[in-house]
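Colleague: I should like to go through the terms used for this structure and ask what supports each of them.
Modeller: Please do; the model is a predicted one, and each term can be set against its cut-off.

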Amino acid sequence: MAGGHRLLLENARQVVLVCARGEGFLTREALRSLEVLEGASLVVGTDGFIKAIGPADAIQKQFSEETFEERIDCSGKCILPGLVDAHTHPVWAGERVHEFAMKLAGATYMDIHQAGGGINFTVERTRQASEEELYSSFQQRLGCMMRAGTTLVECKSGYGLSLETELKMLRVIERARRELDIGISATYCGAHSVPKGKTASEAADDIIKNHLPRLKELGRNGEIHVDNIDVFCEKGVFDLDSTRRILQSGKDIGLQINFHGDELHPMKAAELGVELGAQAISHLEEVSDEGITAMASARCSAVLLPTTAYMLRLKQPRARKMLDEGVIVALGSDFNPNAYCFSMPMVMHLACVNMRMSMPEALAAATINAAYALGKSHTQGSLEVGKQGDLIIINSPRWEHLIYQFGGHHELIDYVIAKGKVIYKK
């Protein structure tokens, strides 16, 4: 429609912009008080981008002659940016509920891994599953994430470990990226575990000689779009040397480095990530003081996963030290068969309680800073004119309820909107 707009959100009690001056991320003092407008309205254009935000009466005057495809009265409600989940493993087959019982009885992550369970169990089931089966379960999981307020999610491969199954997973992620409304950042994680019968060095050779050239070719042909490269850098998995070789080769074909480091053992993975120019490093439960300082000065994002530390009863990552030193802290759900959580509101709550983050810090970590970790903060992660119209409307007079009400997101979230289009309505 000529001169029309897609969406008008009117009279919100609060509109949480998160930031308002085009910041790519927030650290230190900027996290203390986020940008919030009271009694405001917001307009999204037919192109899916935000056209105006401001006092309700001013917006009403400015757009009095305009037509809208949809208007939503937000009286007494809050508008927030769509949540960004910076770390997930959502494509797989085969439940691991039996392993949860083993962990509760005292088995460690590595006990299960070495007994052929964990990643290896999921790899077997994922290799056997058809592409259609994988897509069907993946689509359902993305639907659960979206209903909990996520509008942009990082999705990893990594339960194939063979080129054939890794490509099957990446095709599933690509299909979702094209067909669904939720935003997707795709990650190749072929170095998630060392395949049976290979050493870490041999697995790295295979990835560098066979997997990455094939990904580059598929990217050139426009068949599969991959954003990031990931390696599980861990004692007994990929050592520093193999990790360095794989990540550098991925960077050479244009992928952002975004990898698992310093989770179960101190490996100096953070220092390696900084040396290679990583965009983000995840986990960091065992990161060194030097690693934290290096990440802060290099503007390398720390993607913290409070659900994983909670479910595996690990030491919590040192979020407070990272925040105090100026690290760009982001959050992810780490959704996978080992840490089964779809909900970024629950992740934010755990970050506040277990990692001692404040509510503004947690919200920034699940919006602008998570978008930064994925290289997307120029278009997503805050409500600013010119950014994508990805947002959620919650039925409460203060935005903090989204974090304060543990597990309450299903009752709170009235609408989830992506590019100005309502993709979920309660």
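Colleague: Leaving aside its neighbours within four places in sequence, which residues is Ser-249 in contact with?

Modeller: Beyond those sequence neighbours, Ser-249 is in contact with Ile-208 and Leu-212. Ser-249 itself is found in helix α8.

Colleague: Why does Ser-249 count as buried?

Modeller: The term buried requires a relative accessible area under 20%. Ser-249 has 17% relative accessibility, and therefore counts as buried.

Colleague: What makes α7 roughly parallel to α8?

Modeller: Helix α7 (residues 200-220) and helix α8 (residues 240-252) pack at an angle of about 10°, and their axes are 9 Å apart. Because angles under 35 degrees count as roughly parallel, that angle makes α7 roughly parallel to α8.

Colleague: Which residues of α7 and α8 meet, and how many of each class does the contact have?

Modeller: From α7 come Ala-200, Ser-201, Ala-204, Asp-205, Ile-207, Ile-208 and Leu-212; from α8 come Ser-242, Arg-245, Ile-246, Ser-249 and Gly-250. The contact of α7 with α8 has 6 nonpolar, 4 polar and 2 charged residues.

Colleague: Why are α5 and α6 called oblique to each other?

Modeller: The axes of helix α5 (residues 131-147) and helix α6 (residues 163-179) come within 10 Å and cross at roughly 50°. Roughly parallel is reserved for angles under 35 degrees, and roughly perpendicular for 65 to 115. The two helices are therefore oblique to each other. Their crossing is right-handed.

Colleague: Which residues make that contact between α5 and α6?

Modeller: On the α5 side the contact is made by Glu-131, Glu-132, Leu-134, Tyr-135, Phe-138 and Leu-142. On the α6 side it is made by Lys-168, Arg-171, Val-172, Ile-173, Arg-175, Ala-176 and Glu-179. By class, the contact of α5 with α6 has 7 nonpolar, no polar and 6 charged residues.

Colleague: Which residues of α4 are buried, and what do they pack against?

Modeller: In helix α4 (residues 119-128), the buried residues are Ile-119, Asn-120, Phe-121, Thr-122, Val-123 and Thr-126. They pack against α2 (97-104), α3 (109-114), α5 and α6.

Colleague: What makes α9 mostly covered?

Modeller: Helix α9 (residues 269-276) has 6 of its 8 residues buried. These are Ala-269, Ala-270, Glu-271, Leu-272, Gly-273 and Leu-276. What covers them includes α8, β10 (256-261), β11 and α10. Gly-277 follows α9, and its phi is positive, near 75°.

Colleague: Which residues have a positive phi although they are not glycines?

Modeller: Asn-11 is one of them, with a phi of about 60°, and Leu-284 is another, with a phi of about 65°. Asn-11 is found in strand β1 (residues 5-18), whereas Leu-284 is in the loop between β11 (280-283) and α10 (289-298).

Colleague: How do you know whether Asn-11 and Leu-284 are buried or exposed?

Modeller: Buried means under 20% relative accessible area, exposed means over 50%, and partly exposed lies in between. Asn-11 has 38% relative accessibility and so counts as partly exposed. Leu-284, at 0%, counts as buried.

Colleague: Why does Glu-361 count as buried, and which residues is it in contact with, leaving aside neighbours within four places in sequence?

Modeller: Glu-361 has 11% relative accessibility, and since the limit is 20%, Glu-361 counts as buried. The place of Glu-361 is in helix α14 (residues 359-365). Leaving those sequence neighbours aside, Glu-361 is in contact with Leu-31, Arg-320, Leu-323 and Arg-356.

Colleague: How many disulfides does a search of the whole structure find?

Modeller: The search finds 0 disulfides.

Colleague: How do you know that Cys-233 and Cys-341 are too far from other cysteines for a bond?

Modeller: A disulfide needs two cysteine sulfur atoms within 2.5 Å. The closest cysteine sulfur to that of Cys-233 is in Cys-189, 12 Å away, and therefore too far for a bond. For the sulfur of Cys-341 the closest is in Cys-144, 11 Å away, which is also too far.

Colleague: What are the relative accessible areas of Cys-233 and Cys-341?

Modeller: Cys-233 has a relative accessible area of 0% and is buried. Cys-341 has 9%, and is buried as well.

Key. Residues are numbered from 1 along each chain as its sequence is written. This is a predicted model: local features need pLDDT of at least 70, side-chain atom pairs count only at pLDDT 80 or more; totals for chains, interfaces and linings use all residues. Side-chain values use heavy atoms; hydrogens and water are left out. Axes are lines fitted to C-alpha atoms, for helices over the stretch in contact, and angles run from 0 to 180 degrees between N-to-C directions. Helices (H or I, at least four residues) and strands (E, at least two) are DSSP runs, numbered from the N terminus. Angles under 35 degrees count as roughly parallel, over 145 as roughly antiparallel, 65 to 115 as roughly perpendicular and the rest as oblique. Contact means heavy atoms within 4.5 Å. Ala, Val, Leu, Ile, Met, Phe, Trp, Tyr, Cys and Pro count as nonpolar, Asp, Glu, Lys and Arg as charged, and the others, Gly among them, as polar. Buried means under 20% relative accessible area, exposed over 50%, partly exposed in between (1.4 Å probe, protein chains only). A crossing is left-handed if the near helix is turned anticlockwise from the far one by less than a right angle, and right-handed if clockwise.
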